[in-house]
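Colleague: I've got the coordinates open and a few things I'd like to ask about. Could you walk me through them?

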Amino acid sequence: MKNQFDIVIIGGGLVGLSTILSLKEVILNKPNFKVALIEKGNFSKLNALDYDGRTSFIGLGSKAILEEFAVFKEIEPLACKVEKIFAYEEDGSKSKDSLYFSTLFEEKMEMGYIVHNSDLRQKLYEAVKKLDITILENTGVVDFETSDK
């Protein structure tokens with residue numbers, strides 16, 4: 001059996017999930033438009049903190065995109081505001097060339113946010129599940145065909 005879709009996103013990581021959410025208006029406004037998300041792993045395992053202990057920095061531009069996706073309000077309680085950034089030498093020492101950024105005199109009270117990738121991925125995945133798309137977990141892609149039809 002061949003599955004046919006208008007758009008296929010391969011990979012359910014941060015980029016794949018964000019790509020699906022960027023297509024939200026197309027998915028909602030085009031009847032019979034078929035979109036699939038294919039992930040070789042299992043989302044419940046992928047979203048676990050012990051699977052991916054990394055963190056991501058969400059700058060103000062990314063925050064605006066996540067607000068447009070209607071997921072930032074879900075992420076913000078799980079994130080830590082960044083109000084100061086120190087950049088030291090490679091060996092960890094300060095020098096006259098060390099950098100320091102602060103929001104002390106800025107209009108905004110944050111420079112961005114730090115959030116666990118697992119939390120970010122979970123909130124993006126929850127938003128994607130609300131869309132009318134096909135989600136294929138534990139699935140790999142062996143071959144595909146394109147068509148102008």
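Colleague: Is Tyr-113 buried or exposed, and what is its relative accessible area?

Modeller: Keep in mind that this is a predicted model. Buried means under 20% relative accessible area. Tyr-113 therefore counts as buried, as its relative accessible area is 2%.

Colleague: Which ring pairs with Tyr-113, and is the pair stacked or edge-to-face?

Modeller: By the rule used here there is one aromatic pair. The partner of Tyr-113 is Phe-72, with the ring centres 5.1 Å apart. Planes over 60 degrees apart count as edge-to-face. The planes here sit at 65°, so the pair of Phe-72 and Tyr-113 is edge-to-face.

Colleague: How many residues apart are Phe-72 and Tyr-113 along the chain?

Modeller: Phe-72 belongs to helix H5, while Tyr-113 is in strand S7, residues 112-116. Phe-72 is buried too, at a relative accessible area of 3%. The pair links distant parts of the chain, and the two residues are 41 residues apart.

Colleague: Helix H5 makes me think of pockets. Which element gives the largest share of the lining of the second largest pocket?

Modeller: That pocket holds about 190 Å³ of space. Its lining includes Phe-69, Ala-70, Val-71, Lys-123 and Glu-126. Two elements give two or more residues to that lining, helix H5 (72-75) and helix H6 (117-129). The largest share, three residues, comes from H6.

Colleague: And by class, how many charged residues are in that lining?

Modeller: Lys and Glu count as charged, and Lys-24, Lys-73, Glu-74 and Lys-130 are among the lining residues. Nonpolar residues number six, and there are no polar ones. For the charged class in the second largest pocket, the count is six.

Colleague: Two of those charged residues, Lys-123 and Glu-126, caught my eye. How far apart are their closest N and O atoms?

Modeller: Side chains of opposite charge can pair when their charged atoms come close. Lys-123 and Glu-126 both sit in helix H6, three residues apart, or about one turn of the helix. They form a salt bridge, and the structure holds one. The closest N and O atoms are 3.7 Å apart.

Colleague: Which side of the 20% cut-off does each partner fall on, Lys-123 and Glu-126?

Modeller: Under 20% relative accessible area means buried, and over 50% means exposed. Lys-123 comes in at 18%, so Lys-123 counts as buried. Glu-126 is at 29%, which makes Glu-126 partly exposed.

Colleague: What about the largest pocket: which residues are closest to its centre?

Modeller: About 890 Å³ of space lies in that pocket. Strand S1 (residues 7-10) gives the largest share of its lining, three residues. The lining divides into nine nonpolar, six polar and six charged residues. Of the 21 lining residues, the closest to the centre are Asn-3, Gln-4, Phe-5, Phe-144 and Glu-145.

Colleague: Staying with strand S1, how far are the C-alpha atoms of Ile-7 and Val-35 from each other?

Modeller: Ile-7 is found in strand S1. At 24% relative accessibility, Ile-7 counts as partly exposed. Ile-7 and Val-35 are 28 residues apart along the chain, yet their C-alpha atoms are separated by 4.9 Å.

Colleague: Last one: how wide an arc do the buried residues of helix H1 cover?

Modeller: In helix H1 (residues 14-22), the buried residues are Gly-16, Leu-17, Ile-20 and Leu-21. They lie on the same side of H1, because the arc they cover around the axis is only 135°.

Definitions and conventions. Residues are numbered from 1 along each chain as its sequence is written. This is a predicted model: local features need pLDDT of at least 70, side-chain atom pairs count only at pLDDT 80 or more; totals for chains, interfaces and linings use all residues. Side-chain values use heavy atoms; hydrogens and water are left out. On a 1 Å grid over the protein atoms alone, a cavity is a set of points where a 1.4 Å probe fits but cannot get out, and a pocket is an open set with protein on both sides within 12 Å along at least five of seven lines; lining residues have an atom within 4 Å of a point. Grid points are joined across faces, edges and corners, and a volume is the space filled by probe spheres set on the points. Helices (H or I, at least four residues) and strands (E, at least two) are DSSP runs, numbered from the N terminus. Buried means under 20% relative accessible area, exposed over 50%, partly exposed in between (1.4 Å probe, protein chains only). The arc is that of the directions from the helix axis to the C-beta atoms. A salt bridge is a side-chain nitrogen of Lys or Arg within 4 Å of a carboxyl oxygen of Asp or Glu. Rings of Phe, Tyr and Trp (its six-membered ring) pair if their centres lie within 6.5 Å; planes under 30 degrees apart count as stacked, over 60 as edge-to-face and the rest as tilted.
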